[in-house]
Amino acid sequence: MAMDYEGFKKSVYDLTKIDLSSYKEKQMKRRIDTLIAKNKIVGYDAYLEAIQKDNELFEKFVNYLTINVSEFYRNPEQWEILDKEVFPSLISMYGKNLKIWSAACSTGDEPYSLVMALSRHLPLSNIRIIATDIDKQVIAKAKVGLYNEKSIANVPKDLKEKYFSKIGMSYQISDTIKSRVEFKQHNLLKDTYPSDCHLIVCRNVLIYFTEEAKQDIYKMFNQALFSRGLLFIGSTEQIMNYKELNYDRYKSFFYQKSN
C-alpha cells in the first residue's frame, strides 16, 4: 500500500527528528508535494527512499523544509527601538555582558545585525550572540557570511562601510563581526534551550507552526529568559495571551518576562 502523508511525517521524524505535525499542515504538505514533483519522483515512498540513499537530496529536502527568508535589519523601525530603548535598558539592568540568543537564525543576517547594532553601545569584545537553526546548511552559509545587495539594503551606511567588503557582486561580512557569534544546530521543538538569556530574538518563524506548538515555544522562551528579560518577535506575529504565558507587553513586538 502506498504511503500517505501521515506515514511520511512519521518516517521524516525518524530520519530527521523534525516533527512535521507541528507545522501548518496544508502549507507544509503543499511545499513537500511541490518538491517531490520538482524532483520528478512519484509518491512519498519513492521520495523517502531517494532521500535515504542520496545525501545531497536529503540536505536539499531539509533546507527546503526549513523556511529561510532573512535579511539584515529587517523592519528597520523595530531595530530603532532596539537601538534607542532596548539595548540601553538591558545594559543598565544587567551590565555589559549580555546573553543574547538569536533563535531560528537562518543565514546569519539577524545575529550579525545584533552584533553590529550592539557595537554602538558596547566594545565588540563584550558582545557574544548564540545563534541557532535547525538547518545545518543555512548555518554553513551563515559562517561563510557572504550576502547579496538586497540582503544588506537596510544596514545603516556607516556600519555597512565599516563591516562589509565587496567581492564581485556580493558582500562579505568582516571576521570581527563573525567572531562574536557562536552558531549551533538546534530544534526548537525538542532540544534544550539556553538559560538565563537577557534577550531572545525569534522573528517571522513561528507563523509556520501550529497554535499548540507556538504556545509551547513561547512558554519555553519564557523559561529561558532571565528575570525581566525580553523576547523580540516578528512584525507578522503577536502573542495574544501573553499575560497567561508570564509576559508583559514592553513595546509592539517586544515582550518582557513578568518576573
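Biologist: Let us start in helix α4, where glutamate 56 is placed. Why is glutamate 56 called exposed?

Modeller: This is a predicted model, and the label comes from a computed value. Glutamate 56 has a relative accessible area of 54%, and exposed means over 50%, so glutamate 56 earns the word. As for its place in space, the C-alpha atoms of glutamate 56 and lysine 243 are 45 Å apart, with their positions 187 residues apart in sequence.

Biologist: Proline 123 sits in the loop between α6 and β2 (129-133). What makes proline 123 count as partly exposed?

Modeller: Its relative accessibility is 39%. Buried would need a value under 20% and exposed one over 50%, so at 39% proline 123 falls in between. The C-alpha of proline 123 is separated by 47 Å from that of lysine 10, which is 113 residues away along the chain.

Biologist: Now to strand β7, the place of cysteine 197. How do you know that cysteine 197 is buried?

Modeller: The relative accessible area of cysteine 197 is 0%. The cut-off for buried is under 20%, so cysteine 197 meets it.

Biologist: Which residues does cysteine 197 touch, leaving out those up to four places away in sequence?

Modeller: Cysteine 197 touches Lys99, Trp101, Ala224, Leu225, Phe226 and Gly229. There is also a distance to look at in your viewer: cysteine 197 and asparagine 222 are 25 residues apart in sequence, and their C-alpha atoms are 9.5 Å apart in space.

Biologist: Lysine 214 carries a charge in your count, and its place is helix α10. Why is lysine 214 called buried?

Modeller: The word depends on the number. Lysine 214 has a relative accessible area of 13%, and buried means under 20%, so lysine 214 is buried. Beyond its neighbours within four places in sequence, lysine 214 is in contact with Leu206, Ile207 and Phe209.

Biologist: What makes you say that helix α6 is largely enclosed by the rest of the structure?

Modeller: We can go through helix α6 residue by residue. It covers residues 109-118, and 10 of the 10 are buried, so the helix is largely enclosed. Among the buried residues of α6 are Asp109, Glu110, Tyr112 and Leu118.

Biologist: Asparagine 75 caught my eye, in the loop between α4 (55-65) and α5 (76-94). How do you know that asparagine 75 is buried?

Modeller: Asparagine 75 has a relative accessible area of 18%. That is under the 20% cut-off, so asparagine 75 counts as buried. Not counting residues up to four places away in sequence, asparagine 75 touches Arg203, Asn204 and Ser235.

Biologist: What is phi like at asparagine 75?

Modeller: Phi of asparagine 75 is near 60 degrees, a positive value in a residue other than glycine. Most residues other than glycine have a negative phi. Phenylalanine 253 has a positive phi too, near 75 degrees, and is found in the loop between β9 (247-251) and β10 (254-257).

Biologist: Which residues have the most contacts inside the largest nonpolar core?

Modeller: That core has 47 residues, and those with the most contacts inside it are Phe8, Leu20, Ile32, Phe61, Trp101, Leu188 and Phe221. Several elements each give two or more residues to this core, including α1 (5-16), α2 (25-38), β7 and α10. Another core, of 41 residues, lies apart from it, with Val86, Ile152, Ile173 and Phe183 among its members. In soluble globular proteins, nonpolar side chains tend to be buried together.

Biologist: What does leucine 188 contact, leaving aside neighbours within four places in sequence?

Modeller: Its contacts include Trp101, Cys202, Ile217 and Phe221.

Biologist: Finally, the whole chain has 10 helices and 10 strands. What makes you call the chain as compact as a globular protein of that length?

Modeller: We set the radius of gyration against a rule. The chain's value is 19 Å, and the globule rule gives 18 Å for 259 residues; the two are close, so the description fits. The C-alpha trace spans about 65 × 50 × 25 Å along its principal axes, and 50% of the residues count as buried.

Definitions and conventions: Residues numbered from 1 in each chain as written. Predicted model: local features only at pLDDT ≥ 70, side-chain atom pairs only at ≥ 80, totals over all residues. Heavy atoms only, no water. Helix = DSSP H or I, 4+ residues; strand = E, 2+ residues; numbered from the N terminus. Buried < 20%, exposed > 50% of the residue type's maximum accessible area, 1.4 Å probe, protein only. Contact = heavy atoms within 4.5 Å. Core = buried A, V, L, I, M, F, W, Y, C linked by side-chain atoms within 4.5 Å. Rg over C-alpha atoms; globule rule 2.2 N^0.38 Å.
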